[in-house]
Amino acid sequence: MREFEYLRMNTLQEACSLLSEYKDEAKVLAGGQSLLTLLKLNMISPSYLIDIKFIPELNYMDFDEKEGLKMGALTTHRTVEKSPLLKEKFTVLPETELVVASVQTRNWGTIGGTLVHADPIGDIAPPLIVLDSRVKLISADGERTVPLAEFFVDFFMTVVEENELLCEIQIPALPAHTGVAYQKFSTIEAGIKIAGAAAMVSLDDGLCKDAKIALSAVAPVPMRALKAEEILKGKPLDDRLIEQAAQAAAAEADPVTDMHATDEYRRELVKVLVKRAAKMALERARAS
Amino acid sequence: MAEYRVVGKGIPRKDGIEKVTGEAKYTFDVTLPGMLYAKILRSVQAHARIVNIDTSEAEKLPGVRAVITGKDTQGMKFGFVDTPRYPAEQPVIAEEKVRFIGESVAAVAAVDEDTANKALDLIEVEYEPIPATFDPEEAMKEGAPQIHGEQVPAPGRKCAWQDWGVARAARSYNPVNNIGAAVNISYGDSEKGFSEADYIRDDTWVIPRTNHACMEPHGAVASYHPLTGHLDLWLSHMGFELKRYWISKTLEIPISKLRVHKTFIGGAFGGKAQVFDHEIIAAFLSRKLGKPVKLILPRDEVFTSTNNSIALKVNVRKGVKKDGTIVAQHVKLISDMGAYRGSVPVCLFLCHSMRDSIYNIPNLTHEGVGVYTNKSTTMAKRGHGSQQMTTAIESQMDWIAEDLGLNPVEFRLKNLRKKGDVLANRDTLNSFGLPDCVKKAVEASNWKEKRGKLGPGHGIGLAVSSMFNGSGYWPFTAGSIVRMNHDGTVTLYMGQAEFGQGPTTTTCQLVAEELGLEVEDVNLIDGDSELCQFDYNNFLSGGMFVSCKACLVAAQDLRQQVLKVAAEMLEEDAEDLNMLERRVYIKEDPEEGVAFDEILRYSIQKHGGDPLIGKGFCKPVPEIEFYPSLSKGSGRWTDAYSFTAAVAEVSVDAETGRTKVEHIWVGDDCGREINPLICEGQLQSQAVMGMGDALFEDVMFSEGRTINANFVDYEIPRAFDIPEITIIDASDPDPNGPFGAKEIGECARAAVIGSIVNAVYDATKVKVDSLPLHPEKIFRGLQEKAKV
Ligand SMILES: Cc1cc2nc3c(=O)[nH]c(=O)nc-3n(C[C@H](O)[C@H](O)[C@H](O)COP(=O)(O)OP(=O)(O)OC[C@H]3O[C@@H](n4cnc5c(N)ncnc54)[C@H](O)[C@@H]3O)c2cc1C
């Protein structure tokens, strides 16, 4: 590990100005759960670590029916898991957290950090994508908002520029008769994900008004399974249709073989996970 | 059954408070004035000639105190096995060539770890790659790259077994086509046996390396005193004897000048038994510099450069009669040894001997070879060979039962040995709780209502295993002293290292029981090579049976001495006396007696100052003078066997192939539970470890490079993976064990692995031929089945 200078930030402004000064010489540190591993493995060697963990402006959670949910980038996995508000409004998020790592990691790790880290096996991205989330980025030059579905560029790469911070995650309120579910597959409980799928189903008069499916760990970035979604939209949903959508999603996936599984097996898993997530989402939509 | 006061009570661990409060000092916590920090440069080549090593830039770095290479340690060889037949062949630092990725190539001592790491980056190694070989069956072929040349011991070099005075002369074994070890054991007449069989099955399993996954990584602190020539050591280990012998041998420091201090040890599981290059290097650097040196391995080096468990391909051919009587068995093993032998020659032998106590097989052949490959070395892991064999044999037992329409429980019970049986090597089964283990585990798990009746995707499986209770191994004895204190308490000296298995508590229970004391009355001094006596430690699970027994014998000796003095004081016969609560009393008249402290004072005044010191010792396998032949399996192995029967219930997701273990029942014969809490802990931990082996764990390689040398990619069970575990005591006390006790720390893991394998088969009917039972393998099997 190379030596670096550790800089603890107290305000967002201070962080932004240092980032625009140091640019690629600096790395943002939030919970450190991914960053410290990369440092130790010498996969990155920044000269400055800009610690944003103590910036109060990045740690909040607000909800109103019109604007939906807004949470600061520093919101930890554990906060999401335990939030009564989220349990009521976006049940899938606290549910997903239960399969993320261990309590220790969830206590430290932040949602901003996991998104910017952009590991294709990240668990929280797929449900956030089917929830139509957006993220707000800020820099000394201004702000911009990006749909999460367009946020990821490649393995461990996002649209975040070197002078930018992710400051907020925004989730619109769920439409009526909508259900969301997430399915993760790993060998040990809450282990390295081999494949994952999130599904959102919105019903209107018994027909599928809207559907979103997001897959992870089966492509360089979390991806929407657009063809699968089309199969569901506008139709009365049943097991056969969901099965078809699951097949389509498996064909859309672009998995690789690594030490944990082969690409073929991952594709097979997509079929199962999409089917299970969509069925659960449908049940939830019906019940809501 | 005799009732005891202290033995058999589940008292909390004596070392528990220090561990949970963080007071416990591990090797990592040892800091000495002026201490330097060492790091090792590891080979990035699987097989290469070292053309040149340029250390000049590293030496110039401020803060660097020494850089050493194989030139400095030229000729120093170490290994787990060092017999005339298999001389130790691993260099402390690679000399003319490297043989695996992770082998030590150079080492640095510096004022701090960062400087040492920077210095490693400045060392330039010029390699000339040689074709490498990674697959043992490829490596065995004519024309494969040869990893070792002829292994001629240096002139005048004596091997460890000669040093220990127990080696038979033998020609050293020269590797041909990378075959570096071989066993060939047989009794009866296999050919005839098979010809009499009504049915023959032949199955092959491939068992990969798995990691010991100790919480505490390996490490050493060495402090050499230039004026006195003494070397003080703090190590993460399983017993000081082998470590100090090897460090003394390689560095030529008299063994009596070497002291291994007590440290707390964060797990070992077989993986810290042998001496390691990093320990010798730390000591070498300390001597060279006259300063203390600390060398702690990072986790990835634990995976790549110490050792993993033994990788084996196990082929079993078995002949049975229609009624299920086993008549013949022929086993063929191929071990992917890695670049040096590690403990493979021992393991190939143990694969036979750890299972020979289970089934009565009249005609048997057991052959195996260890093959050098350009991979890291391999070693014992909790059961050492038993789990590899148990997986293959116990799964085959179920398949045979299925083929012949036999009940798998009855089929096993029918073929079990009997109490009192004498094995081909003359070991005697003086205790044999295995039938009871099977019956109790089967009953507790409600097997009869479940087997074949749980519905698709659910299954239940049974497997049995066995384990030694110590064997003839250095230093072939355990000694102990118990002395009386001024206040009538005692101080016990036990050499055995505590690394989680519990002797610091259980030994005190034995001694307290014998002397009528409470456990708190026994002060313990342990794990220090200078303060304690020679100790066999708990190699091959001899901790209780050999090492703790020596402590009990010392207490018995002290008891006799105390009774003799008390008899004199009370003017009674010693036989009419008993002891309790730090006093001796008259059995007939318990009010009448004398306190221990009075007895001590009396003894000092009237017996020429005798302060009452009890002495005890115990030899593993007392009758043998020479160690059994590893390659022929002849000679006595151990004095008692312990046994386990495990039952596992699983569910398998038919769509993904993923197995979830629902419940594990462990029926165990440990002779007598000296401390049921510790026994339960040992068995639970083996159940969890076995589950990891069965389902998840596999140290993976790509062109000789370990690709999952971390706990993100190498997955082990965590708290939320652990199923319900039921522990069932099915002990048969052994006449030679302390209060009948045998071992509890190793046996069960193999049975648990086998039981999960069999349960998954019961749930899926998918025949898998390699561990772990990764969901993808089961999924493929289910797909194949669906096609048919
Ligand atoms: C043992 C272990 C197990 C894990 N298991 C899982 C799992 O099962 N599922 C799962 O989804 N994840 C898992 N993770 C990943 C974990 O969720 C992430 O490491 C964590 O959430 C990252 O957040 P952090 O705050 O620690 O980010 P850091 O490690 O501090 O930062 C991560 C990256 O994001 C950048 N960054 C952080 N915050 C910002 C910001 N606001 N703006 C711009 N850049 C930023 C950093 O510069 C860095 O590049 C695991 C991690 C560990 C250590």
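# Exercises on cavities, interface and backbone

In the lining of the largest cavity, 8 residues are nonpolar, 3 are polar and 2 are charged. That is our starting point, and please keep in mind as you work that this is a predicted model.

**Exercise 1. Describe the largest cavity by its volume, its central residues and the elements that line it.**

Solution.

- Step 1: Begin with the count, which comes to 8 cavities of 30 Å³ or more.
- Step 2: Take the volume: the largest cavity holds about 120 Å³ of space.
- Step 3: Look to the centre. The lining has 13 residues, and those closest to the centre of the largest cavity are B:Gln329, B:Arg355, B:Asp356, B:Ile361 and B:Leu364.
- Step 4: Trace the elements. In chain B, two strands, E16 (326-338) and E17 (363-372), and two helices, H10 (344-353) and H11 (386-404), each supply at least two residues of this lining.
- Step 5: Return to the classes, where the lining of the largest cavity has 8 nonpolar residues beside 3 polar and 2 charged ones.

**Exercise 2. Which residues line the second largest cavity, and which element gives the most to that lining?**

Solution.

- Step 1: Note the volume of the second largest cavity, about 80 Å³.
- Step 2: List the lining: B:Ile207, B:Pro208, B:Thr210, B:Ser309, B:Gln387, B:Gln388, B:Thr391, B:Asp693, B:Arg749, B:Ile753 and B:Leu771.
- Step 3: Assign elements. H11 and helix H19 (747-764) of chain B are the ones that give two or more residues to the lining of the second largest cavity.
- Step 4: Pick the main contributor, H11(B), which gives the most with 3 residues.
- Step 5: Sort by class, which yields 4 nonpolar, 5 polar and 2 charged residues for the lining of the second largest cavity.

**Exercise 3. Characterise the interface of chain A and chain B, starting from its contacts and buried area.**

Solution.

- Step 1: Count the residues in contact: 23 of chain A meet 23 of chain B.
- Step 2: Read the area. About 2,200 Å² is buried between chain A and chain B, and carbon and sulfur atoms give 53% of that.
- Step 3: Turn to charge pairs. The rule finds 6 salt bridges across the interface of chain A and chain B. A:Arg276 and B:Asp653 form a salt bridge through their side chains, at 2.9 Å from N to O.
- Step 4: Add the polar contacts, with 15 residue pairs across the interface of chain A and chain B, both residues at pLDDT 80 or more.
- Step 5: Locate the chain A side. Strand E11 (178-186) and helix H11 (263-287) of chain A each supply at least two residues of the side that touches chain B. H11(A) gives the most to that side, with 7 residues.
- Step 6: Finish with classes: the side of chain A that touches chain B has 11 nonpolar, 6 polar and 6 charged residues.

**Exercise 4. Which parts of chain B does the salt bridge between B:Asp277 and B:Arg42 link?**

Solution.

- Step 1: Set the scene with the total over all chains, 69 salt bridges.
- Step 2: Check the distance, where the closest N and O atoms of B:Asp277 and B:Arg42 are 3.2 Å apart.
- Step 3: Place the partners. B:Asp277 is in helix H8 (residues 277-289) of chain B and B:Arg42 is in strand E1 (residues 36-42) of chain B, so the pair, 235 residues apart, links distant parts of the chain.

**Exercise 5. Where in chain B do B:Pro475, B:Pro772 and B:Arg382 lie, and what is notable in their backbone angles?**

Solution.

- Step 1: Recall the background: most residues other than glycine have a negative phi, and most peptide bonds are trans.
- Step 2: Take B:Pro475, joined to B:Trp474 by a cis peptide bond with omega about 0°. B:Pro475 is in the loop between strand E18 (458-467) and strand E19 (478-484) of chain B.
- Step 3: Take B:Pro772, joined to B:Leu771 by a cis peptide bond with omega about -10°. The loop between H19 and helix H20 (775-787) of chain B holds B:Pro772.
- Step 4: Take B:Arg382, a residue other than glycine with a positive phi near 25°. B:Arg382 is in the loop between E17 and H11 of chain B.

Terms used: Residues are numbered from 1 along each chain as its sequence is written. Chains are lettered from A and ligands numbered from 1 in the order in which they are written. This is a predicted model: local features need pLDDT of at least 70, side-chain atom pairs count only at pLDDT 80 or more; totals for chains, interfaces and linings use all residues. Side-chain values use heavy atoms; hydrogens and water are left out. Contact means heavy atoms within 4.5 Å. Buried area is the accessible area (1.4 Å probe) that two parts lose on being put together, summed over both. A salt bridge is a side-chain nitrogen of Lys or Arg within 4 Å of a carboxyl oxygen of Asp or Glu. A polar contact is a pair of N or O atoms within 3.5 Å; within protein, one must be able to donate a hydrogen and the other to accept it, and residues adjacent in sequence count only if both atoms are side-chain atoms. Helices (H or I, at least four residues) and strands (E, at least two) are DSSP runs, numbered from the N terminus. Ala, Val, Leu, Ile, Met, Phe, Trp, Tyr, Cys and Pro count as nonpolar, Asp, Glu, Lys and Arg as charged, and the others, Gly among them, as polar. On a 1 Å grid over the protein atoms alone, a cavity is a set of points where a 1.4 Å probe fits but cannot get out, and a pocket is an open set with protein on both sides within 12 Å along at least five of seven lines; lining residues have an atom within 4 Å of a point. Grid points are joined across faces, edges and corners, and a volume is the space filled by probe spheres set on the points.
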